[in-house]
Structure formats: structure tokens, C-alpha cells
Amino acid sequence: MSQTDHDGPVIGRTFADSVPFFPEPDRSRAGGPNVVYVLYDDLGWADFGCFGSEISTPTVDRLAAEGLRYTNFHVTPLCSPTRACLLTGRNHHSTGMGMLPNFAMGYRGYTGQLHHETATIGEMAQSQGYTTLGVGKWHLTPMNQFTGAGPFDQWPLQRGFDRFYGTPDGMTNQWRPDLIEDNHWVEAPDREDYHFTADIVDHAIDFVRDHRNGDAERPFFLYVAFCAPHFPHHVAKEYVDKYVPVFEKGWDATRADRLARQKELGLVPPDTELPPRNPGVKGWDEYAPEDQAAMVRLQAAYAGMVEHTDEHLGRLVAALEQMGELDNTLFVLCSDNGASQEGGEVGSMNAMKFFFGYESPETELQVVKDNLEAIGCSPDFINTYAVGWSMAGNTPLKRWKQDTHAGGVRSPLVVRFPGEIADPGGIRTQFHHAIDITPTALDVTGMSAPDHVKGVAQEPLHGQSMRYTFGEPEAETVRTVQYFEMNGQRAIWQDGWKAVTHHEPMLSLELMLTGDAGSVTDFDADRWELYHLDEDWNELVDRAADEPERLAAMVERWWEEAARYDVLPLGASIGGMNGPPITGRHGLPPEESGA
């Protein structure tokens with residue numbers, strides 16, 4: 001009897017009358033492609049050169065020229081929920097990530113960690129012949145679990161990654177990051193020229209080389225989650241200096257220039273207009289020249305950080321190309337949400353004040369002016385830019401991160417997969433969402449979504465593959481409906497229409513710190529807007545009064561989707577920049593409440 005005639009060893013009295021058995025290892029299909037996800041943090045829809053920006057991003061531009069740009073791709077309004085969608089192919093509330101891990105609420109949709117019934121693509125791929133590698137920002141596990149004693153079941157290695165190197169939380173000092181490697185904490189390298197972005201890419205390249213040296217055939221899944229350009233906007237001084245003259249024109253002119261370039265690039269319809277400035281954003285000319293100069297330098301640090309990240313992404317792309325891996329790789333690149341509103345009216349040298357309330361614009365600007373040369377290059381500051389600049393980053397969309405209007409949930413998406421794309425450099429306009437990326441990767445690689453992972457029955461994927469768009473530029477979208485919710489902000493897209501409402505959270509400092517989700521206004525009092533996106537690309541003409549029956553039906557459908565995907569109960573647990581000022585105990589100002 002030969003080994004292939006049985007599924008286990010045949011045991012006799014001796015080797016002579018026994019037959020050994022060596023089970024075949026899990027293997028991907030022959031020639032299966034690699035998969036690379038690259039995720040930017042808090043990058044606006046218009047912040048890449050190939051999406052209309054003045055910022056130099058030649059690596060992303062190259063990937064777009066050899067692949068596709070998607071102009072109707074959506075994410076959630078906040079980082080961790082988008083990461084949950086991207087990695088699992090399910091809606092974020094259904095994974096337990098209705099908000100951030102830092103705000104676990106005690107409800108199924110808000111556990112602050114991924115349910116084991118919603119496995120990551122890493123967990124799916126491990127059992128189907130892929131090596132799985134992750135670097136950068138994790139932010140999918142409550143921080144109180146990152147101890148030497150665990151529990152470890154929600155660390156990256158237990159959620160599908162063979163190797164991981166990066167930061168566990170939502171932000172970190174780029175010059176002095178908090179780092180984990182595999183299942184333990186590590187110290188950042190003590191180098192004068194150290195920067196976290198470079199370190200991320202160094203480890204990504206090393207992980208892939210180590211893997212390939214060990215197995216010449218086995219494909220890999222690589223997840224590169226940059227902390228950039230989330231605040232603090234840390235980058236060497238020469239990058240900041242470069243962009244000061246670029247942005248001295250101000251945010252109003254920047255928006256106008258970007259929209260003009262977007263029209264030239266064919267990214268937006270030729271009749272697209274800019275919406276009014278976002279709430280709380282003043283005209284650039286309303287500020288004194290010295291105040292403008294301070295705000296320009298904060299924006300220059302952000303722009304320099306975007307260019308710096310692109311340079312290091314270029315090293316990764318070059319390394320994959322040198323190893324002969326790039327053209328057998330599905331390469332996906334996007335942002336986790338729109339540009340951030342968390343810098344306040346004029347920006348700040350301490351973005352953590354967002355959670356506790358900024359000082360007056362005059363006071364914040366004075367600190368900036370007192371430290372102009374330290375912006376970006378000093379580890380002592382958590383610098384961030386003004387909301388006018390983030391508004392420009394989302395050109396030509398309304399609002400920003402945390403909101404369910406387009407500025408919060410529309411992300412630039414670049415996909416490169418040689419051999420299947422009919423028109424490299426092309427643009428796709430089909431509606432899609434972050435939950436569609438992993439189904440696409442499974443489709444391209446020939447992997448499946450298992451019924452069980454590690455013995456746990458799995459919830460079906462919620463997304464649908466985008467692969468049909470690769471070869472058919474004009475194909476009708478396969479999606480029909482998608483809900484959005486974040487911190488009480490709500491929206492639903494259905495067959496080219498979108499209903500959306502902006503909910504103003506009411507929150508005290510005490511409630512925020514205790515994680516009490518009972519701090520809400522009346523959700524039934526929120527006013528819903530209605531937009532026909534197939535004709536009104538960037539939500540300019542509210543059709544609510546014209547189409548009351550359609551709006552009512554869509555709002556009702558939102559509630560149905562909310563019940564289906566564990567969105568309920570609704571709450572508003574963190575304050576938005578456009579909400580009332582954050583106060584101390586019992587609604588009193590901090591100085592009176594003892595907060």
C-alpha cells in the first residue's frame with residue numbers, strides 16, 4: 001500500500017509491515033497572488049496627487065496609473081470601525097466595533113473588540129495556504145488587554161497574523177512610538193533619524209523577505225496600516241519648509257484649485273461645485289497675516305507627512321518589485337476615514353485638547369507662533385492643523401471625520417492588479433464600501449470565507465466582490481444598500497440616493513471619561529437630508545422636501561438595517577467638534593465642577 005492510498009498511517013508490528021503518512025500542508029492554489037492592504041489614517045479624499053492635491057505622492061500616483069482609482073468608495077467615519085470592515089468583510093457593528101476599542105459600551109455592537117464569529121482575512125488565509133503579516137497601527141483591541149499577562153486572544157497574532165509589528169493604540173508619537181512585536185512590548189530603536197513610518201516599512205520589507213526566503217512558492221497577505229497622517233503631524237523640518245509656500249494661498253484657494261484639478265483629471269463631474277464652508281470654518285481672509293502664517297505651518301507639517309509616507313511606501317513597492325512579487329499582487333490602498341475635524345478652528349500644538357476643550361483661538365495660535373520651528377520635528381508636541389485645512393483635504397465634499405456626510409465616509413481608493421484591469425489608469429464610479437475589499441481579495445486569490453474558523457461558526461460576509469469592475473468600467477454596481485452610523489451620526493445609501501442626518505452629541509467630561517452612553521439628545525428630533533447622488537455627486541441639493549415618501553422609506557430602511565447589523569441601541573458617547581463645548585461634572589464648566 002502506498003502513502004496516497006490512505007488518510008493516515010498504517011500501523012503494523014514493525015516498520016516493515018507499516019506505512020507512514022505525511023499530511024500535505026495547507027497550500028493556496030498554484031500561483032495564487034499575494035494581497036497587500038495599505039491603509040492611511042485620517043487622509044482626506046483630495047490629499048493624494050492623483051486625486052487633485054498639490055502634495056507630492058509619486059508612489060500612489062504610480063499605483064493609480066497602473067491600476068484604478070475609485071471615486072465612489074466608502075468607509076466608516078472613524079478609524080477602528082473601518083479597520084474592522086476592511087479586515088473582516090462585515091459591517092463594523094456586527095464585528096463588535098461600533099465605536100473605538102477605547103469606548104466599549106457593553107452591547108454586542110459596541111464591545112470594542114472583534115467577535116470571533118467575524119474572522120479577519122488573516123484568520124481565513126492562514127488555513128488556506130497564506131502567510132499573514134501585519135505592520136503599523138492595530139487599534140482593534142482594548143488597551144487594558146495589552147499587558148504582559150494578556151489576555152492575548154485579541155492581540156494581532158491571535159486574530160490572524162503570523163507576524164505583527166506596530167502600535168496597539170489609535171495614535172502614537174511618530175518620533176517615540178509605543179510598540180508591540182508579536183505578543184510582547186518592545187522599545188523603539190534608539191536612532192537619531194528614527195521615524196515610525198520608516199520603521200513600519202522596514203519591518204514590512206523584512207517580513208516579506210524572511211517569508212520568501214523560507215518558502216519560494218507560498219503567497220502572503222500583508223497589512224500595512226500607517227499611523228500617518230493622523231496627528232501628531234511629525235516629520236523632519238525640510239518637509240515642513242517645503243510646503244509653507246505651497247499653502248500660503250489659504251484653504252479657500254486650496255479648495256478651489258483642487259476642484260479644478262479634479263475636473264481636469266476626470267474625478268468629478270464637470271459641473272461639480274464646492275459646498276459652503278463647513279460649520280465653524282471662517283474665510284481665510286478673516287485672519288491676520290501672522291495668524292495665517294501659523295496655520296500654514298501646521299498644514300505644511302501635515303502635507304510633509306503625506307509626502308514622507310509616500311516616499312517610504314515607495315521603498316516597499318520597490319522591494320516587492322525587486323523580489324518579483326509586485327505584479328503577482330493585489331494591491332489595495334485607501335484611507336480609514338475623511339480628513340480630521342479634531343484640530344479645532346485654528347489648529348493646536350496639543351491635539352489631545354480635542355477631548356477636553358481647546359483654549360480660545362487666540363491662545364492656541366499664540367502657542368503655535370511661539371513654537372513655529374518645532375512644528376512637526378519635535379516629539380514634545382502633538383501638533384495638528386485647523387479644520388479649514390481638513391475641509392480642503394476633503395474637497396469637494398461636506399464635513400469630515402466622525403460625520404456620515406461624504407467628507408467623513410468617502411475615501412480615495414487605488415487598486416492595482418495587473419492582467420485583469422482593462423484600462424490601467426482608469427476611474428471607476430460604482431458604489432462600494434470597505435466591507436467589499438476582503439470579498440474581492442478572496443475572489444481574486446481563490447480563497448473562500450470558511451464556515452468555521454478555529455471551531456467557531458462564522459457570520460456570512462456582508463460585502464460583495466469588486467472584481468467585476470476591473471474589466472468592465474461601465475458595469476452597474478452590484479450594491480443596492482449600505483447603512484452608516486457613528487456616534488449618533490446616521491446615513492443610508494440606496495440605489496443612488498442617500499439619506500443622512502447630523503446628530504449633535506451632548507456630553508459632559510465625566511460621562512466621556514466613564515464611557516456612559518446615556519448622554520444623548522433626542523434622535524427623533526434629528527433632521528434628515530436627502531440627496532440624489534447619481535445626479536448630485538457631492539450632496540449639494542437637499543431633496544427632502546421634494547421626496548418626503550422616498551425619504552421616509554429610506555429612514556425606515558435605515559432602522560431595519562440597524563436592527564439587522566447590531567447598531568442598536570443608539571448613543572452619542574464622544575463629543576464632535578461641531579457640538580456644544582465639552583463641560584465638567586453635571587454640565588458645569590470644568591473650573592466650577594472640579595473636573
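Pro-396 sits in the loop between helix H10 (387-393) and helix H11 (406-409). The peptide bond that leads into Pro-396 from Thr-395 is cis, with omega near 0°. This is a predicted model. The points below cover backbone geometry, a buried helix, cysteines, salt bridges and surface charge.

**Backbone geometry**

- Most residues other than glycine have a negative phi, and most peptide bonds are trans.
- A cis peptide bond also joins Gly-150 and Pro-151, with omega at about 5°.
- Pro-151 belongs to the loop between strand E4 (131-137) and strand E5 (163-167).
- Arg-399, like Pro-396, is in the loop between H10 and H11.
- Arg-399 is not a glycine, yet its phi is positive, at about 60°.
- Arg-399 counts as buried, at 13% relative accessibility.
- Asp-182, another residue that is not a glycine, has a positive phi of about 55°.
- The loop that holds Asp-182 runs between strand E6 (179-181) and strand E7 (184-186).

**Helix H2**

- Helix H2 covers residues 79-88, and ten of its ten residues are buried, so the helix is largely enclosed by the rest of the structure.
- The buried residues of H2 include Cys-79, Arg-83, Cys-85 and Thr-88.
- Gly-89, just after H2, takes a positive phi of about 75°.

**Cysteines**

- The count of disulfides comes to zero.
- A disulfide is a covalent bond between the sulfur atoms of two cysteines.
- For Cys-79, the closest cysteine sulfur is that of Cys-227, and no bond is assigned because the 9.3 Å between the two sulfurs is too far; the cut-off is 2.5 Å.
- Cys-377 is in no disulfide either, and its nearest cysteine sulfur, again that of Cys-227, is 19 Å away.
- Cys-79 is buried, with a relative accessible area of 4%, whereas Cys-377 is partly exposed, at 28%.

**Salt bridges**

- The whole structure has 43 salt bridges.
- One of them pairs the side chains of Glu-66 and Arg-416, at 2.8 Å from N to O.
- This pair links distant parts of the chain, 350 residues apart: Glu-66 is in the loop between helix H1 (58-65) and strand E2 (68-70), and Arg-416 is in strand E10 (residues 413-416).
- Glu-66 is partly exposed, with a relative accessible area of 29%, while Arg-416 counts as buried, at 5%.
- Asp-182, the residue with positive phi noted above, meets Arg-163 in a salt bridge of 3.0 Å, N to O.
- Asp-182 lies in the loop between E6 and E7 and Arg-163 in strand E5, so their bridge ties together parts that are 19 residues apart in sequence.
- Asp-182 counts as buried, at 15% relative accessibility, and Arg-163 as partly exposed, at 25%.
- Arg-191 forms a salt bridge with Asp-193, and their closest N and O atoms are 3.5 Å apart.
- In this pair, Arg-191 is partly exposed, with a relative accessible area of 39%, and Asp-193 is exposed, at 61%.
- Asp-47, Glu-54, Lys-249, Asp-257, Arg-258 and Arg-261 are joined into one network by salt bridges that share partners.

**Surface charge**

- A patch of negative charge on the surface is formed by Glu-476, Asp-495, Asp-534 and Glu-535.
- Asp-534 is in the loop between strand E18 (528-532) and helix H15 (548-564).
- Asp-534 counts as exposed, at 61% relative accessibility.

Terms used
Residues numbered from 1 in each chain as written. Predicted model: local features only at pLDDT ≥ 70, side-chain atom pairs only at ≥ 80, totals over all residues. Heavy atoms only, no water. Buried < 20%, exposed > 50% of the residue type's maximum accessible area, 1.4 Å probe, protein only. Patch = residues over 30% accessible without salt bridge, like charges linked within 9 Å, V, L, I, M, F, W, Y side chains within 5 Å. Areas by Shrake-Rupley, 256 points an atom, 1.4 Å probe, with all protein chains shown as cover. Salt bridge = Lys/Arg side-chain N within 4 Å of Asp/Glu carboxyl O. Lys, Arg positive; Asp, Glu negative; His and termini not counted. Charge placed at Lys NZ, Arg CZ, Asp CG, Glu CD. Helix = DSSP H or I, 4+ residues; strand = E, 2+ residues; numbered from the N terminus.
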